[in-house]
Amino acid sequence: METSLDGKIMGRYIQTEVAGRAGDAFYRIAFGRKRFYPHQGWLSGRVTTDDNFTFYMRPELDENAPEVPVGDFIARRAAMYYVSVDPSGKLGWTDHVLRYGDTAADVIEVLTDGASNAYRAFLRKKGISYILAGHGGYDYALMLKKLKELLGIELLMLGGGAVLNWSFIQKGYCDEVSLVVAPAADGSVKTQTLFMAKDGFSDDTPVSFSLLDVQKEEGGAVWLRYRVQRCS
């Protein structure tokens with residue numbers, strides 16, 4: 001993740017020049033041709049996806065679409081995936097390929113049984129793969145198991161939002177936290193921080209971390225790496 005000096009993952013601080021340079025460092029580390037982490041995909045929540053990629057477009061649904069086959073739908077295998085956690089199916093994708101800088105990733109939707117037949121038919125028409133992982137709520141263990149077995153994802157990068165980040169940390173599904181901290185802040189109390197608890201997903205039980213490395217980046221940003229320890 002890239003954060004501000006006051007721990008925000010979004011907000012007006014992103015408009016500053018130094019945050020832009022920190023963003024360049026973040027991209028190089030996470031997605032560059034010689035990226036530090038050899039992951040096969042990255043995962044984000046619905047709001048993060050809408051904020052950055054689908055821009056709150058509504059899906060073109062056919063409520064009279066024929067019933068689709070039950071279970072998961074894997075359109076193809078790819079070298080890189082973008083995994084979107086979208087419980088009831090709301091994201092308005094226009095293509096099965098997401099482009100972020102020089103990175104092209106095949107979209108994978110993670111749904112629950114709350115996603116309608118019309119939405120699943122919409123994804124199939126777009127050639128977008130989806131997996132089902134939950135009845136009334138998310139089954140994180142099942143989701144990760146399917147991503148590995150069906151798509152070959154051995155290393156997955158988690159990229160927000162705040163609730164999803166903290167939920168994964170508390171459930172023990174993250175082994176490392178990697179942060180590029182921009183030398184900028186905006187003091188807003190209305191934007192998400194790196195981690196945020198939410199009833200039904202997580203609580204405020206503390207988690208400990210051990211420092212792995214600190215590096216100074218061009219423009220005054222710092223790259224911090226922490227090993228996730230345990231709940232206190």
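**View A. The second largest pocket of this predicted model.** Start with some open space: the second largest pocket holds about 540 Å³. Its lining is made of 22 residues, and Pro87, Val163, Leu164, Lys198 and Phe201 are the closest to the pocket's centre. Two elements, α2 (46–54) and α5 (162–170), give two or more residues to this lining. What kinds of residues would you meet on a walk around the lining of this pocket? There are nine nonpolar, nine polar and four charged residues.

**View B. The helix α2 and its cover.** Here we stay with α2 and look at its buried residues, which are Thr48, Thr49, Asp50 and Thr54. Which strands help to cover them? Both β2 (41–45) and β3 (81–85) are part of that cover. Just past the end of α2, look for Phe55, whose phi is positive, at about 50°.

**View C. The largest nonpolar core.** In soluble globular proteins, nonpolar side chains tend to be buried together. The largest such core in this model has 36 residues, and Trp42, Trp93, Leu123 and Val180 have the most contacts inside it. At least two core residues come from each of α1 (17–31), β5 (103–111), α3 (117–126) and β6 (129–132). With eight residues, α1 supplies the largest share.

**View D. A closer look at Leu123, and a second core.** Which residues does Leu123 touch, once neighbours within four places in sequence are set aside? Leu123 is in contact with Trp93, Glu109, Leu111, Ile128 and Tyr130. A second core, separate from the largest one, has 30 residues, among them Tyr81, Leu158, Trp166 and Cys174.

Conventions:
Residues numbered from 1 in each chain as written. Predicted model: local features only at pLDDT ≥ 70, side-chain atom pairs only at ≥ 80, totals over all residues. Heavy atoms only, no water. 1 Å grid on protein atoms, 1.4 Å probe; cavity = no way out; pocket = protein on both sides within 12 Å on 5 of 7 lines; lining within 4 Å. Points joined across faces, edges and corners; volume = space filled by probe spheres on them. Helix = DSSP H or I, 4+ residues; strand = E, 2+ residues; numbered from the N terminus. Nonpolar A, V, L, I, M, F, W, Y, C, P; charged D, E, K, R; others polar. Core = buried A, V, L, I, M, F, W, Y, C linked by side-chain atoms within 4.5 Å. Buried < 20%, exposed > 50% of the residue type's maximum accessible area, 1.4 Å probe, protein only. Contact = heavy atoms within 4.5 Å.
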